[in-house]
Amino acid sequence: MNVIIIEDEKPAARRLKRMLSELNIEVQTMLHSVEESINWFQNNKHPDLIFLDIQLSDGLSFEIFEEIEVKSAIIFTTAYDEYALKAFKLNSIDYLLKPLDEDELKVAIDKFKEHQPKKSDVKVNIDDIRKLLINPVDRKFKKRFTIKVGQHIKMIPIDEIVCLYSENKATYIHANTNRNYLIDNSLEYWEEHLNPEHFFRVNRTFIIRINAIKDIISYTNSRLKLVLHFYDESEIIVSRERVKAFKNWID
C-alpha cells in the first residue's frame, strides 16, 4: 500500500508517520504545501491513500484538486471541526480530528482496507467542497443546557458556559456562577453540537468558550496556557497540535 502525508506542520507529519509505522504502514513521502503537492503529483505515480490536512501553509489543500485529478483515496486530518466533513459525501475513507488518536487511526485504516476503492472510482467534487466552505451546512447548535439539580430542572444558557471538561470518564460544564454540572455525552459529541464560532476544543480534556478567555500565555513546547474567567480549578493548556487552529479561531 502506497501512502503519502500532506501536512504543513512537520512535527505533526512525523508523528503521523510514526503512528502509521506502528501499524506496519510505511509512508512513501511527506508533503507540506499546496505548491509542493501539485509538483509531486505531476511527477509521481499517485498513491493508494493520502492523509490530507485541510489547512496548509499556502492555502486550502482542496486547491490541489483544481490542478491535479487525484485518484487516491483520502483520509482528511483537521483541527477545524467547523468544516463539518461528515456533512458532505466524498469518496474519502474517513476524517480524523487533531490531535490524532491511535485507536481512531487504526479504525480508519481498517475501514480503508475493507472498502478500498479502485482508483478509477475515486473522484473529489471540488464544487461541493467549495460550497461547504463558503456556505457552511445549516446546523442547529445547542442554545442551553438543562440540568437536573435535586428535584429541580435548571436551565443554563449557552452564554453562561465557561468550559466543558471530561474527568473520570464523565463530562461536566462549568458555569460563570463558578459551579460544575454533570452532563450527558462525551466531549466528542459536544464538539459537533456547539457553535464553533464560540467554542473550541483545546485538548483532549477541555472545550472552552471564547468569551470566557481572560488571558493567553506562552507555554513550554510551543503550547499556550489559558486563563479563564470564573475558572481556576486546573491548568488549561492548548495542545501543540491545536495551537495553529486555536490562533486562527481567535483571530
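## Strands, pairs and the model

Two strands count as a pair here if DSSP finds at least two bridges between them. Keep that in mind, as a sheet comes up below. What you're looking at is a predicted model.

## The chain as a whole

Let's start with the big picture. The chain has 251 residues, and 45% of them count as buried. Its secondary structure adds up to 7 helices and 17 strands.

Look at contacts with a separation of 6 or more, and you'll find that 55% of them link residues 24 or more positions apart. As for the outside, the chain exposes about 13900 Å², with carbon and sulfur atoms supplying 44% of that area.

## A sheet of five strands

Now for the open sheet. Its 5 strands come in the order β12-β11-β10-β14-β13, and the pairing is antiparallel. At the edges stand β12 (180-183) and β13 (199-201); each has a single partner strand, so one side of each has no neighbour in the sheet. From one strand to the next, the twist averages 20°.

Helix α7 (residues 243-250) packs on this sheet, where it touches β13 and β14 (206-209). The direction of α7 makes about 175° with that of β13. Over at the β12 edge, strand β11 (residues 170-175) runs antiparallel to β12, and 4 bridges join the two. One residue to pick out is I173, whose bridge partner in β12 is Y181.

## Zooming in on L164

Strand β10 (residues 161-167) is home to L164. Is L164 buried or exposed? The cut-off for buried is under 20% relative accessible area. L164 sits at 0% relative accessibility, so it counts as buried.

What does L164 touch, leaving aside its neighbours within four places in sequence? Its contacts include I173, along with Y172, I183, F199, F206 and I207. F145, L187, W190, L194 and T205 are in contact with L164 too. Y181, the bridge partner of I173, is 17 residues from L164 along the chain, and their C-alpha atoms are separated by 9.5 Å.

## Where two helices cross

Finally, take a look at helix α1 (residues 10-22) and helix α4 (residues 102-114). Their axes come within 11 Å and cross at roughly 65°. The crossing of α1 past α4 is right-handed.

Which residues meet there? From α1 come L16, M19, L20 and E22, and from α4 come E102, L105 and I109. Sorted by type, the residues of this contact are 5 nonpolar and 2 charged, with no polar ones.

Methods:
Residues are numbered from 1 along each chain as its sequence is written. This is a predicted model: local features need pLDDT of at least 70, side-chain atom pairs count only at pLDDT 80 or more; totals for chains, interfaces and linings use all residues. Side-chain values use heavy atoms; hydrogens and water are left out. Axes are lines fitted to C-alpha atoms, for helices over the stretch in contact, and angles run from 0 to 180 degrees between N-to-C directions. A crossing is left-handed if the near helix is turned anticlockwise from the far one by less than a right angle, and right-handed if clockwise. Contact means heavy atoms within 4.5 Å. Ala, Val, Leu, Ile, Met, Phe, Trp, Tyr, Cys and Pro count as nonpolar, Asp, Glu, Lys and Arg as charged, and the others, Gly among them, as polar. Buried means under 20% relative accessible area, exposed over 50%, partly exposed in between (1.4 Å probe, protein chains only). Accessible areas come from the Shrake-Rupley method with a 1.4 Å probe; for residues, only the protein chains shown count as cover.
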